[in-house]
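Visitor: I'd like a close look at one small part of this protein, please. After that, walk me outward through the rest at an easy pace.

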Amino acid sequence: MQMPGMESAFEGRGHMKKAKTTAIIFFFVLLSAVSVGSKRLYAQTVSVKAPLNLHVIKHSSTALKITWNPVEGAGGYEIYRCRSGSRKFKKVKTIKTPKKTSWINKKLKTNKIYKYQIKAYANINGKRKRSRSAYTISAKTYTKKSKTVNVNRVETDTYLFEIDMGKSEKFYARAITTKKKKKVISKKVRWYSKNKDIATITKDGKLTAGNKAGVCYVYAKAHNGKNSKKFPVYVLDPSTPKSFYLEDVTGKAKTLLAKYKKEVCQVAKHFTNHRPNGEMDISYDKEDGWEISPQYVKTDAILGAMKKIFNEFGDKLMITANKEKVYFTLEEPHGNGTSTFHIIEYYYNKVIYDYYWDEGYMEIADYWGYYSYEAENE
């Protein structure tokens, strides 16, 4: 005997079974699609690095030898060539052994210049994925009687260089040959930086330091891949000099710079990166606490360093920051109703620093100055 409503209940249960089956099928279809999609995405996003340290030299009067650094994960390399004056590169060789990093291009014409590009490749999901070419190298085939030859040395006059953050400098290099009575086919060089986070350099040698202190190595490369010696460029943070020249600094100002150099430099660095548009005064009293006026520049990150200084000098110290500089005004009272006021200044910009330099103003470090004067107590 079937109770009223049982038929519809069984029908509902049947629909639930169908729905569950449909959901399971949909899940597997979706999983398959994600799996296939992930493979497709993987194939699209995997990249192969370009070979570096490319170099080409004369092997004989009709052959050139090309070398390069191996690329991790590469399945092989493709070599492209074109004649000087042409921009149409054609593939002339495929190296199927990833550990092989040289090739001799034979049966070339004598006294001709050839250009080369090298790409690494990897086989991914049955398809060949190629790298870009890092740069083009070129060389000439020639005999002993040829008047022009390939570069075999790149020289620079710089072996070490220091530069402030954000500044620029131009470098020069010479592409030469040591063979007597011979000229090189090209004197042009191209410059490179090994650490672009610290400093960048244009192909013609204009270096620009970044906004972070550190060291990077730069070098020049000739037409055939011959490099100059790499030399270090030290990017300096002028807000944090190695030391202050304190011989002419007197009184408590000398204590401030000697004992609290780290904290003073931290304050200078902070306001270099967070410059107020107007004048901003900062003072601290153990009873009244902080007085920051106007408080429109974030100072939370630097309060700890400033508090160490104020704990020593109290209300006799004032820190002032504006869009050009940050300076410390330290009052040193005497018993006769007068005080010596010590002023320690750090300018964010060397040009402005040079503009305000005056007689009686002492340079205690690059961008840093000191002077003092006496006045009656208020």
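Guide: Let's zoom in on β20 and strand β21 (residues 289-293), which pair in the antiparallel sense over 5 bridges. Keep in mind as we go that this is a predicted model. To get from β20 to β21, the chain goes through a hairpin of 3 residues. If you want one pair to click on, try isoleucine 282, whose bridge partner in β21 is isoleucine 292.

Now look at who else pairs with β20. Strand β20 (residues 280-285) is also joined to strand β22 (residues 317-321), by 3 bridges, and these two run antiparallel. Here the pair to find is methionine 280 with its bridge partner in β22, alanine 321. What holds strands like these side by side? Strands of a sheet pair through backbone hydrogen bonds, either parallel or antiparallel.

That alanine leads us straight inside. Ala321 is one of the residues touched by valine 326, and so is Ile319. Valine 326 also touches Val267, Ala268 and Phe271, as well as Thr320, Ile344, Glu345, Tyr346 and Tyr348, leaving out residues up to four places away in sequence. Why look at Val326 in particular? In the largest nonpolar core, which has 36 residues, Val326, Ile344 and Trp368 touch the most other members. There's also a second, separate core of 24 residues, with Ile79, Ile137, Ala139 and Tyr192 among them. As a rule of thumb, in soluble globular proteins, nonpolar side chains tend to be buried together.

Three of the contacts of valine 326, namely Val267, Ala268 and Phe271, carry numbers that fall in helix α3 (residues 261-273), so let's go there. The axes of helix α2 (residues 251-259) and α3 come within 5 Å and cross at roughly 85°. Angles of 65 to 115 degrees count as roughly perpendicular, and α2 and α3 are therefore roughly perpendicular to each other. Where do they meet? On the α2 side you'll find Leu256, Leu257, Ala258 and Lys259, and on the α3 side Lys261, Glu263 and Val264.

Trp368, from that core list, has a neighbour in sequence worth a look. Tyrosine 367 has a positive phi of about 75° although it is not a glycine. You'll find tyrosine 367 in the loop between β25 (362-365) and β26 (368-376). Is it buried or exposed? With a relative accessible area of 3%, tyrosine 367 is buried.

Asparagine 53 has a positive phi too, about 55°, and is likewise not a glycine. Asparagine 53 is in the loop between α1 (6-45) and β1. At 37% relative accessibility, though, asparagine 53 counts as partly exposed.

Just past that loop is an open sheet of 3 strands, in the order β1-β2-β5, with antiparallel pairing. β1 (55-60) and β5 (102-105) each have a single partner strand, so these edge strands have one side left without a neighbour in the sheet. On average, neighbouring strands here are turned by 25° against each other, direction ignored. β1 and strand β2 (residues 63-67) pair over 5 bridges, and histidine 55 has threonine 67 as its bridge partner in β2.

Another open sheet has 4 strands, ordered β11-β19-β18-β15, and its pairing is mixed. At its edges stand β11 (161-164) and β15 (190-193), each with a single partner strand, so one side of each lacks a neighbour in the sheet. The average turn between neighbouring strands is 30° in this one, again ignoring direction. In it, strand β18 (residues 214-221) pairs with strand β19 (residues 231-236) in the antiparallel sense over 5 bridges. Valine 218 stands opposite phenylalanine 231 in β19.

Phe231 has another contact to check: threonine 158 touches Phe171 and Phe231, leaving aside its neighbours within four places in sequence. Threonine 158 is in the loop between β10 (153-156) and β11. Under 20% relative accessible area means buried, so at 18% relative accessibility threonine 158 counts as buried.

Finally, zoom all the way out. The protein chain has 5 helices and 26 strands, and 38% of its 378 residues count as buried. Among contacts with a separation of 6 or more, 60% link residues 24 or more positions apart. The chain exposes about 23400 Å², with carbon and sulfur atoms supplying 51% of it.

Notes. Residues are numbered from 1 along each chain as its sequence is written. This is a predicted model: local features need pLDDT of at least 70, side-chain atom pairs count only at pLDDT 80 or more; totals for chains, interfaces and linings use all residues. Side-chain values use heavy atoms; hydrogens and water are left out. A nonpolar core is a set of buried Ala, Val, Leu, Ile, Met, Phe, Trp, Tyr and Cys residues joined through side-chain atoms within 4.5 Å. Buried means under 20% relative accessible area, exposed over 50%, partly exposed in between (1.4 Å probe, protein chains only). Contact means heavy atoms within 4.5 Å. Two strands pair if DSSP finds at least two bridges between them. Axes are lines fitted to C-alpha atoms, for helices over the stretch in contact, and angles run from 0 to 180 degrees between N-to-C directions. Accessible areas come from the Shrake-Rupley method with a 1.4 Å probe; for residues, only the protein chains shown count as cover. Angles under 35 degrees count as roughly parallel, over 145 as roughly antiparallel, 65 to 115 as roughly perpendicular and the rest as oblique.
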